[in-house]
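Biologist: I am new to reading structures, and I would like to learn how one goes from a picture to careful statements. Could you take me through a few features, one at a time?

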Amino acid sequence: MKKTILFVLLDQYADFEAAYLSSAIYMLGEGNYEVKTVSLTKYSVQSIGGFHTIPDYDINSVPTDYEALILIGGMTWRNEKSQLVKPLVENCYNDGKVLGGICDASAFLGTVGVLNNVNHTSNDLNDLKAWAGDAYTGENRYIMKQAVSDKNIITANGTATLEFAKEVLLSLGVAPENKIMEWYNFHKLGYYTAPTPEM
């Protein structure tokens with residue numbers, strides 16, 4: 001049976017933040033994984049690049065049997081309705097599953113309180129503190145780095161799509177580490193610099 005990776009996509013989601021990770025899960029996972037999408041409703045959501053996605057699940061029909069919950073950044077995480085995602089994040093965190101957030105979705109994790117005891121990053125510490133308020137007490141664990149992985153929680157800023165993908169892939173063990181690093185280096189360094197990975 002395939003292991004399920006859930007991607008949370010809100011309206012105006014950043015499509016490019018999901019693309020490397022989702023494709024690598026399929027390319028490196030050798031048929032052992034599947035990506036499913038979650039949104040607030042089952043109605044189509046539009047990315048900031050104009051892609052329309054019909055979610056597999058709405059927030060009330062999410063399965064409990066999954067390997068990871070990945071929150072993709074975008075323009076609407078600060079809307080009040082995004083708080084409907086909070087119980088999903090809390091359940092994932094409490095179950096010790098892999099939990100990821102990139103760009104503004106990483107800051108959303110701060111509003112839920114799940115970053116306080118792990119090393120993490122986001123787009124900007126001051127913005128994170130201002131938005132999360134009293135729910136966030138993890139300033140001493142904030143690292144100014146493209147992507148940070150600690151205790152099954154992966155965070156990244158909005159320019160770190162490849163680094164985020166790499167850390168999630170490693171946390172999940174989608175493929176041997178050397179294969180993941182070959183994939184990462186190929187995309188990071190480019191076709192003429194890095195050796196072509198074997199898929």
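Modeller: Let us start with one residue, and keep in mind that this is a predicted model. Phenylalanine 16 sits in helix α1, which covers residues 15-28.

Biologist: Is phenylalanine 16 buried, exposed or partly exposed?

Modeller: The idea is to look at relative accessible area, where under 20% is called buried, over 50% exposed, and anything in between partly exposed. Phenylalanine 16 has 41% relative accessibility, and therefore it counts as partly exposed.

Biologist: Which residues form a nonpolar patch on the surface?

Modeller: Phe16 joins Ile48 and Met75 in such a patch, and together the three have about 310 Å² of accessible area.

Biologist: What does a buried residue look like by contrast, and where does isoleucine 102 lie?

Modeller: Isoleucine 102 belongs to strand β7, residues 98-102, and because its relative accessible area is 0%, it is buried. Leaving aside residues up to four places away in sequence, isoleucine 102 touches several others, among them Glu17, Leu71, Ala156 and Phe164. Isoleucine 72 is also on that list of contacts, and although isoleucine 102 and isoleucine 72 are 30 residues apart in sequence, their C-alpha atoms are 5.8 Å apart in space.

Biologist: How should I read a pair of helices, and at what angle do α2 and α3 pack?

Modeller: One compares the directions of the two axes, and an angle from 65 to 115 degrees counts as roughly perpendicular. Helix α2 (residues 86-94) and helix α3 (residues 104-112) pack at about 80°, with their axes 10 Å apart, so α2 and α3 are roughly perpendicular to each other.

Biologist: Which residues of α2 and α3 meet?

Modeller: On the α2 side they are Lys86, Val89 and Glu90, and these meet Phe108, Leu109 and Val112 of α3.

Biologist: My last topic is the backbone: what is phi of glutamine 12?

Modeller: Phi is a backbone angle, and here the sign is what to read. For glutamine 12 phi is near 65°, which is a positive value in a residue other than glycine. Glutamine 12 is found in the loop between β1 (3-8) and α1, and with a relative accessible area of 27% it is partly exposed.

Biologist: Where is lysine 151, and what is its phi?

Modeller: Lysine 151 lies in the loop between β8 (147-150) and β9 (153-156), and its phi is positive, about 50°, although it is not a glycine. The relative accessible area of lysine 151 is 61%, and because over 50% counts as exposed, lysine 151 is exposed.

Technical notes
Residues are numbered from 1 along each chain as its sequence is written. This is a predicted model: local features need pLDDT of at least 70, side-chain atom pairs count only at pLDDT 80 or more; totals for chains, interfaces and linings use all residues. Side-chain values use heavy atoms; hydrogens and water are left out. Patches are made of residues with over 30% relative accessible area and no salt bridge: like charges are joined within 9 Å, nonpolar side chains (Val, Leu, Ile, Met, Phe, Trp, Tyr) within 5 Å. Accessible areas come from the Shrake-Rupley method with a 1.4 Å probe; for residues, only the protein chains shown count as cover. A salt bridge is a side-chain nitrogen of Lys or Arg within 4 Å of a carboxyl oxygen of Asp or Glu. Helices (H or I, at least four residues) and strands (E, at least two) are DSSP runs, numbered from the N terminus. Buried means under 20% relative accessible area, exposed over 50%, partly exposed in between (1.4 Å probe, protein chains only). Axes are lines fitted to C-alpha atoms, for helices over the stretch in contact, and angles run from 0 to 180 degrees between N-to-C directions. Angles under 35 degrees count as roughly parallel, over 145 as roughly antiparallel, 65 to 115 as roughly perpendicular and the rest as oblique. Contact means heavy atoms within 4.5 Å.
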